[in-house]
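Here is a walk through one model, going from a single side chain out to the chain contacts and the charged pairs. Have the structure open as you read.

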Amino acid sequence: MTRLEDSYNVIVIGGGPAGYVAAIRAAQQGAKVAIVEKKEFGGTCLNLGCIPTKAYLKSGEIIEGMEMAASRGIIFESVKYKIDMPRVVQHKNSVVKKLTSGVEALLRSNKVDIFKGVARINKNKDVVVDDSTVIKGDKIILAGGSKVSRINIPGIDNPNVLTSDDLLALDVLPETLAVIGGGVIGIEMAQAFEALGTKITVIEMMDRIIPSVDAEASALLTKLLKKKNVKIMTSTKITELADKKGKVEVKIEGGESVIADKVLISIGRLPDTEGMGDIQFEMERGRIKVDKYMETSVKGIYAPGDVNAIKMLAHVAFRMGEVAADNAVKGNHRELKLHSAPSVVYTHPEVAMVGLTEEQAREKYDVRIGRFDFAANGRAMASGDNVGFVKVIADSKYGEILGVHIVGPAAAEIINQASLLMEMEITVDEVIKTIYGHPTYSEALFEACADVLGEAVHIVKKQK
Amino acid sequence: MTRLEDSYNVIVIGGGPAGYVAAIRAAQQGAKVAIVEKKEFGGTCLNLGCIPTKAYLKSGEIIEGMEMAASRGIIFESVKYKIDMPRVVQHKNSVVKKLTSGVEALLRSNKVDIFKGVARINKNKDVVVDDSTVIKGDKIILAGGSKVSRINIPGIDNPNVLTSDDLLALDVLPETLAVIGGGVIGIEMAQAFEALGTKITVIEMMDRIIPSVDAEASALLTKLLKKKNVKIMTSTKITELADKKGKVEVKIEGGESVIADKVLISIGRLPDTEGMGDIQFEMERGRIKVDKYMETSVKGIYAPGDVNAIKMLAHVAFRMGEVAADNAVKGNHRELKLHSAPSVVYTHPEVAMVGLTEEQAREKYDVRIGRFDFAANGRAMASGDNVGFVKVIADSKYGEILGVHIVGPAAAEIINQASLLMEMEITVDEVIKTIYGHPTYSEALFEACADVLGEAVHIVKKQK
Amino acid sequence: QPPVTEKPRRKALSTPVARAMARDLGIDINEVCGTGPSGRVTKADVENHKSVRKPSSLRVS
Ligand SMILES: Cc1cc2nc3c(=O)[nH]c(=O)nc-3n(C[C@H](O)[C@H](O)[C@H](O)COP(=O)(O)OP(=O)(O)OC[C@H]3O[C@@H](n4cnc5c(N)ncnc54)[C@H](O)[C@@H]3O)c2cc1C
Ligand SMILES: Cc1cc2nc3c(=O)[nH]c(=O)nc-3n(C[C@H](O)[C@H](O)[C@H](O)COP(=O)(O)OP(=O)(O)OC[C@H]3O[C@@H](n4cnc5c(N)ncnc54)[C@H](O)[C@@H]3O)c2cc1C
């Protein structure tokens, strides 16, 4: 075993969003930092998550644009196209490569020492890389992230049963795909492959897809996906995955089987706890427990990001990494706050939310709802992208914004404004003092806030 | 002459953004309101401005999407297309029609009485429609808007010399177009027609196009337009428009002529003061002077929107209309504030700004600049739309945001966030407390704010 | 030469929700100690102020 001379203020395990941000942040504050990564920098997000899916979805948008071209007077000689799947994958990989090498450059420019290999913490709280190199540090940030979770169901090992990792590497477009699990990942994949031309069936156990978003948003998304011929089965349980002459037969409890070329299992993700090594952490159903400072039950070891499974999102991992770094370097002082962290589903149209759903808000507050439909938004009309709405949930006493739910164009961008409103405790009456540029999609947020107050100009007045 | 029995609390002249918003707002506050419109509701903005241009620009985006499809693995059978110009115009008209009839529905639902015809104010401060119907009211809101301004230059009456109104009605796509005046309207038109396939030359008197935006933004836009083969001539004066066998020869002072099928004159707009009738207002170079309450020199008559030419933008007209209505109905109490009104140029990529330019800010403040390039933004990369930057200008004492300048994807949406920050006096260190969703274009604003503080994680650290 | 790392200081600010709540409860917002970003007075600060205030008004000084 090699023993390194160097000793660090902070050692980070894992180079995903939580880890690389923690490392850079700690370095920015003057700490001497090492980071250990066993695969590629950027973690799930850059390599197998956020970025690859968005590259595919954009391709889908191009195809949709093309399909509405004729009605706008752009007459293509032919509207036929084929998907060159190896090229799709290669394009995606080249985007990923640029971003991951970008992360490495960021780390180097901040003088973070880079170790490649599997890190495990030993009994002395040293970090051991590939069972050989020992690194010593004052504090450890364990940001191992997550991996796909599997279900224990007969036939799960069929080679045509895929994880999202596998699906994103596939260089033959499947004709048919069954998506088991209609959460965010399942639905984004469904949307992406639908746009490329695959025939999709989504199978969800709960009574609606993406149960985490507002009921109305989920319902509209369901309707829109069905219109694109995505088959959606809710309240449906699968019992077995059987081989059927090279296809997969997905057996359904009390119903007819679904046959598909490939099956995507997208039922959730589990913390990757390989880095724990010899340390016993307080756990909670496979997750490393952390306090509001992102510190684990073991003093001096922090665990930001998917590894604590509080909210498995890249931007949450970013923030957790920042908080962990600040506390590791300067002592526990910065608390994690997540009440204004948005969630986005990158479908077309996009679905986005922040704060409470209407159901949740009504339990705790006396609420007023403001609503604006994109059907009446000038930019949405001009762009032919006018399905959806913005719903603002405010408390009726102070006009505080409790939640915002959007289905529609630019939802992912508009929701950041809503997050800012919530973070800065800006009331609906203050929002409408701001001048929103015209024509913009985000005017819909302005109008929805005005509607909370009964002052929206662009909403037809209900007659009594 | 008919004499109406009815008398109104507020009479609005002009049904454009300033006028229809004023009418609805006044009605919402319980006033009895009449509105007079001589052409179509929605004014310049809906009929001949914001909306038609954005419909064209979206079509351009579809074509650009198509052009990058192959690199993403979407192989179209043919990438050839032709523009069916009558259909382009008809599509645009159908969007416009939906929106303008929407405005009429809004007015009716708010019980605003509608008069069609030319309104003029007589000596008694009554409003006379088409020299026949007299309407009496307590207050008048004169929102006559603006019309194209012409220059006195030989050859201006050549039928191939067009205004933006004419160009948007054209149902034969010109092969070549000379754009006289490289302001917002000229450049948007250049972009739109370039995308449809016209060969464009922009001729601008000043030393850069869109001189109102930040120098760096103007320079980047120039570069990008040139890459698309738009020819841009700055510091260039024209002397004559001569007929040249059915084409137009644009003669240039001290230089070679530009020959084009059509010439667009986009050198500015002038207030439409037809509604003034017999009233003498205090004027300023053709503009009706108003105070901060939007009231003219004549008590009880307000003049919001382009007619006062303070800032000829639709969203500014909206706000002025609101302010005028509030003051007309409840007495002067609400002041117009424009410091956080954004401006957008709907090119591709979009250009947007709010507040001071870097030059202006440096004159008055000790500033710090934060900057983030879309080249390092994940969503921009995944979408293949990664040219441009966000620049945040903050004062170094309090971190107050003085100006934000954006060239890049979703700039028009992101700028509304920046307006909100300025309006709410949110400092850069507060912005970065907010969690921005990932991957989004607006993360670039977050990073630029962090850069002001030297805390951006996603910017390569400069080595000393 | 080490870089000047003096961070921008800020104005005394309050959030709109905090202002609405203070108005409603008859609390002078300027008396509330701000703990939010930039020292901005937040809703939580007004709520805390409220609970701190009560006993202090009983105190005889
Ligand atoms: C298909 C898909 C799409 C998604 N889309 C989005 C989206 O649009 N927006 C969003 O916010 N989130 C999205 N997510 C979630 C997002 O990817 C995660 O929340 C985020 O990556 C979590 O960051 P992390 O750093 O905690 O973990 P990870 O990204 O998983 O990174 C952990 C890193 O640690 C390394 N590692 C683990 N253990 C060790 C060890 N012992 N030694 C050395 N290295 C180790 C791993 O190799 C990995 O690189 C998506 C996820 C998936 C699967
Ligand atoms: C090509 C182009 C593109 C533009 N793009 C944008 C953009 O993207 N964003 C933006 O913010 N702004 C844009 N503008 C500017 C925007 O259109 C104007 O700022 C806005 O329309 C001003 O509103 P207004 O109500 O003051 O005037 P107008 O829209 O001009 O409306 C005035 C109305 O009053 C009527 N009227 C006038 N006199 C009388 C009378 N005596 N009796 C009865 N009716 C009368 C007119 O018929 C008209 O309908 C654009 C303008 C042009 C020309």
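## A glutamine in helix 6

Let's start with Gln191(B), which sits in helix 6 of chain B, the stretch covering residues 184-196. Keep in mind that this is a predicted model. Gln191(B) has a relative accessibility of 2%, so it counts as buried. Leaving aside residues up to four places away in sequence, Gln191(B) touches Leu57(B), Glu64(B), Leu225(B), Lys228(B), Tyr346(B), Thr347(B) and His348(B).

## The sheet behind the helix

Now for the sheet in chain B. It is an open one with five strands, ordered 10-17-11-12-13 and paired in the parallel sense. Why do strand 10 and strand 13 of chain B each have one side without a neighbour in the sheet? Strand 10 (161-162) and strand 13 (231-233) of chain B stand at the edges and have a single partner strand each, so one side of each is left free of a neighbour in the sheet.

Further in, strand 11 (residues 176-180) and strand 12 (residues 199-203) of chain B run parallel and share five bridges. As a landmark, look for Thr176(B), which stands opposite Lys199(B) in strand 12 of chain B. Helix 6 of chain B packs on this sheet, where it touches strand 11, strand 12 and strand 17 (262-265) of chain B. The direction of helix 6 makes about 165 degrees with that of strand 12 of chain B.

## Where chain B meets chain A

The contact between these two chains draws on 92 residues from chain B and 92 residues from chain A. Together they bury about 8500 Å², and carbon and sulfur atoms give 61% of that area. Arg72(B), Glu413(B) and Ile435(B) supply 9% of what chain B buries against chain A, more than any other three residues.

On the polar side, six salt bridges turn up across the interface of chain B and chain A. In one salt bridge, the side chain of Glu413(B) meets that of Arg379(A) at 3.1 Å, N to O. There are also 46 residue pairs in polar contact across this interface, both residues being at pLDDT 80 or more. Which element gives the largest share of the side of chain B that touches chain A? That would be helix 3 of chain B (residues 50-69), with 12 residues.

## Where chain A meets chain C

Turn to chain C, and the contact takes nine residues from chain A and 12 residues from chain C. The area buried here is about 910 Å², with 61% given by carbon and sulfur atoms. Tyr398(A), Met424(A) and Glu425(A) supply 66% of the area that chain A buries against chain C, more than any other three residues.

Three salt bridges are found across the interface of chain A and chain C. Lys43(C) makes a salt bridge with Glu400(A), with the closest N and O atoms 2.8 Å apart. Six residue pairs are in polar contact across this interface, both at pLDDT 80 or more.

## Strand 8 of chain A and its partners

Strand 7 (residues 127-129) and strand 8 (residues 133-142) of chain A run antiparallel and are joined by three bridges. Val127(A) stands opposite Ile135(A) in strand 8 of chain A. The hairpin of these strands has three residues between them, and there Asp130(A) takes a positive phi near 50 degrees. Strand 8 of chain A also pairs with strand 21 (residues 301-302) of chain A, in the parallel sense and over two bridges. In that pairing Ile140(A) stands opposite Ile301(A).

## Charged pairs

Over all chains, the whole structure has 65 salt bridges. One of them joins the side chains of Arg120(A) and Glu274(A) at 3.1 Å, N to O. Arg120(A) lies in strand 6 (residues 119-121) of chain A and Glu274(A) in the loop between strand 18 (269-271) and strand 19 (283-284) of chain A, so the pair ties together parts 154 residues apart in sequence. Arg120(A) is partly exposed at 29% relative accessible area, and Glu274(A) is partly exposed at 31%.

Another salt bridge links Arg362(A) and Glu358(A) at 3.0 Å, N to O. These residues are four apart in helix 9 (residues 358-364) of chain A, so about one helical turn separates them. Arg362(A) is partly exposed at 46%, whereas Glu358(A) is buried at 19%. Both belong to a network of salt bridges that also links Asp214(A), Glu216(A), Arg371(A), Asp373(A) and Lys391(A).

Technical notes: Residues are numbered from 1 along each chain as its sequence is written. Chains are lettered from A and ligands numbered from 1 in the order in which they are written. This is a predicted model: local features need pLDDT of at least 70, side-chain atom pairs count only at pLDDT 80 or more; totals for chains, interfaces and linings use all residues. Side-chain values use heavy atoms; hydrogens and water are left out. Buried means under 20% relative accessible area, exposed over 50%, partly exposed in between (1.4 Å probe, protein chains only). Contact means heavy atoms within 4.5 Å. Two strands pair if DSSP finds at least two bridges between them. Axes are lines fitted to C-alpha atoms, for helices over the stretch in contact, and angles run from 0 to 180 degrees between N-to-C directions. Buried area is the accessible area (1.4 Å probe) that two parts lose on being put together, summed over both. A salt bridge is a side-chain nitrogen of Lys or Arg within 4 Å of a carboxyl oxygen of Asp or Glu. A polar contact is a pair of N or O atoms within 3.5 Å; within protein, one must be able to donate a hydrogen and the other to accept it, and residues adjacent in sequence count only if both atoms are side-chain atoms.
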